[in-house]
Amino acid sequence: MKGINPSTEFHLVNDIETAWAMKRWLSESRRDVIGLDTETSGLNPYAPDAELRMVQIGDRTAGWAIPWKEWGGVALEVLNAWDGEWTLHNLAFDEKWLRIHAGWQIPWHKAHDTLIMYNMLYPGQPASLKFITDKHIDPRASVGQKILDEAMKKEGWGWHNIPTDFGPYAMYSALDPVLAVHIWDFLRADKKFPKSYDLEMSTLRICSGMEDRGINIDVDYCEQQRDKLNEYVEKSKKWAKDEYGVNIGSTQSLAAFYQNTLNAHIEKRTPGGAPSMDKESLDNMLLSDDPSVVEFTKFVLNVRKADKIRGSYFENFLRDHTNGLLHPSIKTMRAVTGRMSITDPALQTLHSNDSIVRNAVVPREGQVIMSSDLDQVEFRVFAHLSDDEALIETFKKADDTGSDAFTEIGAQVYQEPNFQKSDPRRKLIKSTIYGKLYGSGIAKMAQTAGVPFEDMKKVSDDLNAAYPGMNRYAKEVEQILSNRMAVEKYPYIETVVTGRRVPVEEDRLYSGVNYTIQSSAAEIFKSNLVKLDAAGLSDNFVVPVHDEIIVSIDPGDVEEVKQILRENMTTSEGWAVPLSADVEGPFARSWGEKYEKNH
DNA sequence: GGTCCCCGCGCG
DNA sequence: AAAGCGCGCGGGGACC
């Protein structure tokens, strides 16, 4: 650790002389990269009162903090003057603020993100600027942060109103781009970017575009649904409270009511030991001999669902939109496995068993919605990795005949060519396969499928006999993980696409199979987005949902887009089983059409 | 009054 | 031998 050179200068650009000094610094020194950072009023750049407060640039010799409101023109001058590489820590954040509030688009092909770089090279470790600086750069650097925190507390300042000329704030701000450059130096010691870094940087650029273009919602529909559900939920909760004194929103109150008033027995416990009032527990209540228990339980289940839909979706849509446009936050590397997550609102969790919520998501003006889903991608990746000849053959047959993989497995395992999709064994086959993907035991599979242990075991044994590669692969993975734990200090798996390392918890090595599959599938999907971007479709992206991309397109382009989606969402090269995708739509009214019962 | 965890449940 | 994977969100409730 070399640390920060004590002769490094930090400046607040709040007079002409300093502005000139900064410009001289920019033009007179030779350098490979400039660090860039911003200070903002808060986290959400789309908030009505959002304000860019400071733009900071720096290298190994100096850091400059430029108050945006007073000296924004100077800031833009230097942003435009530098045509070399930029490095930032958490590019996704600053890129948005600069684009929205400074009207300046960072050139993506010259922008680097040390947050992503760090994630690639030190998977599973905290990756905040502060943590990395303390650990790898210079622990003295965080002293300023402490002083600033205390001052803000003492003066009652927040990020939105701390004066830009307050010394510690200016100093702390000017330091950050300098740190960004030091982290760049540290991570770039071998001057190579991992393959996964390129994929993630492209994904970042594509998803940033999606956040910016936003998602159109039908505001009137949301308001109607919210009001309707609101009335039902409030009325119902009040009735339960008045009539029986039970708060059905509280698991404690609800459990007490079942036990004390309805004299119902609650078998299941939560991990914390409390009586469980989850869906399974309540579904058991539906089997009660006591009609009043059954009626009350139906009532509770209905209210819960309505409450969830109202609060998590319609309320949030209405809270977050501006003129019918939602700008969600897409975190491209949120899950340890590299899956993306979407918040504000949580667009990956919209109810799919009916279309009520997705009806709120509509095409852009004059357009139609289409979608493309990867077809059982995790199972296909599993089949590829397990290298089980029979399983691979079964997939090929299912693809050739256009039948469903689980049905085809039934036909194969039971030697019944006429095995039907409606055969009750198909459900057990599906449960077994998903159980294996997730590393579950037979007891859990049986519980999920709602069948006796013995029935489940029979199917599981049959599948293991027919496709021995599945268990063989699982054993292999555990063996590799144990070896790595012993030799390399921590157990990790590698993704199939880029070889990115994903750490596995030491006491849960069995989850390595799922991690490999899930993280590889995530990279396959991201690669497909990059391919679609190259094919010119990314401006039409609306939202990604793990293995599915939603697009909004002109009605005249439907056939062309179908073709583009089919081509670029499918991968065959290098896979024992083709990774195929379907295309659905066009839907002229809403995303919900895809989920309508008769569809 | 703010913060954190538990619990339950939505999605892939 | 046995182990369901990954997320986000909201209400309740404990705690400070």
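For the residue classes used here, Ala, Val, Leu, Ile, Met, Phe, Trp, Tyr, Cys and Pro count as nonpolar, Asp, Glu, Lys and Arg as charged, and the others, Gly among them, as polar. With that in hand, the surface near DNA strand C has 8 nonpolar, 16 polar and 7 charged residues, where "near" takes a heavy atom of the residue within 4 Å of the strand. This is a predicted model, so keep the cut-offs in mind: local features need pLDDT of at least 70, side-chain atom pairs count only at pLDDT 80 or more, and totals for chains, interfaces and linings use all residues. On bookkeeping, residues are numbered from 1 along each chain as its sequence is written, chains are lettered from A and ligands numbered from 1 in the order in which they are written, and side-chain values use heavy atoms, with hydrogens and water left out.

**DNA strand C**

- Of the 31 residues around DNA strand C, the ones that come nearest are N316, Y434, G435, Y510 and Y515.
- Sugar or phosphate accounts for 69% of the strand C atoms within 4 Å of the protein, and bases make up the rest.
- Several elements each supply at least two residues of this surface: α12, β10 (341–343), α16, α17 (442–449) and α20. Helices (H or I, at least four residues) and strands (E, at least two) are DSSP runs, numbered from the N terminus.
- On the backbone side of the DNA, a phosphate oxygen of strand C lies 3.1 Å from a backbone N or O atom of V336.
- Bases get polar partners too: an N or O atom in the side chain of T448 is 3.4 Å from a base oxygen of strand C, and a polar side-chain atom of E478 lies 3.1 Å from a base nitrogen.

**DNA strand B**

- Around DNA strand B there are 20 residues, and M277, K279, R304, S352 and D547 come nearest.
- By class, the residues of the surface near strand B are 3 nonpolar, 11 polar and 6 charged.
- Of the strand B atoms within 4 Å of the protein, 82% belong to sugar or phosphate, with bases as the rest.
- Two phosphate oxygen pairs stand out for a look: a polar side-chain atom of T270 at 3.0 Å, and a polar backbone atom of K279 at 2.5 Å.
- D547 has an N or O atom in its side chain 2.6 Å from a sugar or linking oxygen of strand B.

**M277 and R310**

- M277 is found in the loop between α10 (251–261) and α11 (279–285).
- M277 is buried, with a relative accessible area of 4%; buried means under 20%, exposed over 50% and partly exposed in between, using a 1.4 Å probe and protein chains only.
- Leaving aside neighbours within four places in sequence, M277 is in contact with T251, L254, A255, Y258, I266, L282, M285 and R304, contact being heavy atoms within 4.5 Å.
- The C-alpha atoms of M277 and I266 are separated by 8.2 Å, and the two residues are 11 apart along the chain.
- R310 sits in helix α12 (residues 291–320) and is buried, with a relative accessible area of 12%.
- The side chain of R310 makes a polar contact with the side chain of N230 (2.4 Å). A polar contact is a pair of N or O atoms within 3.5 Å; within protein, one must be able to donate a hydrogen and the other to accept it, and residues adjacent in sequence count only if both atoms are side-chain atoms.

**Helices α19, α15 and α20**

- The buried residues of α19 are G469, M470, Y473, V477, L481 and R484. Seen down the axis of α19, they fall within an arc of 115°, so they line one face of the helix; the arc is that of the directions from the helix axis to the C-beta atoms.
- On the other side of α19, K475, A486 and V487 are exposed.
- Packing against the buried residues of α19 are α13 (377–386), α14 (389–401), α16 (424–438), α18 (453–466), β12 (492–494) and α20 (512–534).
- Helix α15 (residues 405–413) is mostly covered, with 8 of its 9 residues buried, and the cover includes α13, α14, α16 and α18.
- D404 caps the N-terminal end of α15, with a side-chain oxygen 3.2 Å from the backbone nitrogen of F406.
- In α20, 19 of the 23 residues are buried, so α20 is largely enclosed by the rest of the structure.
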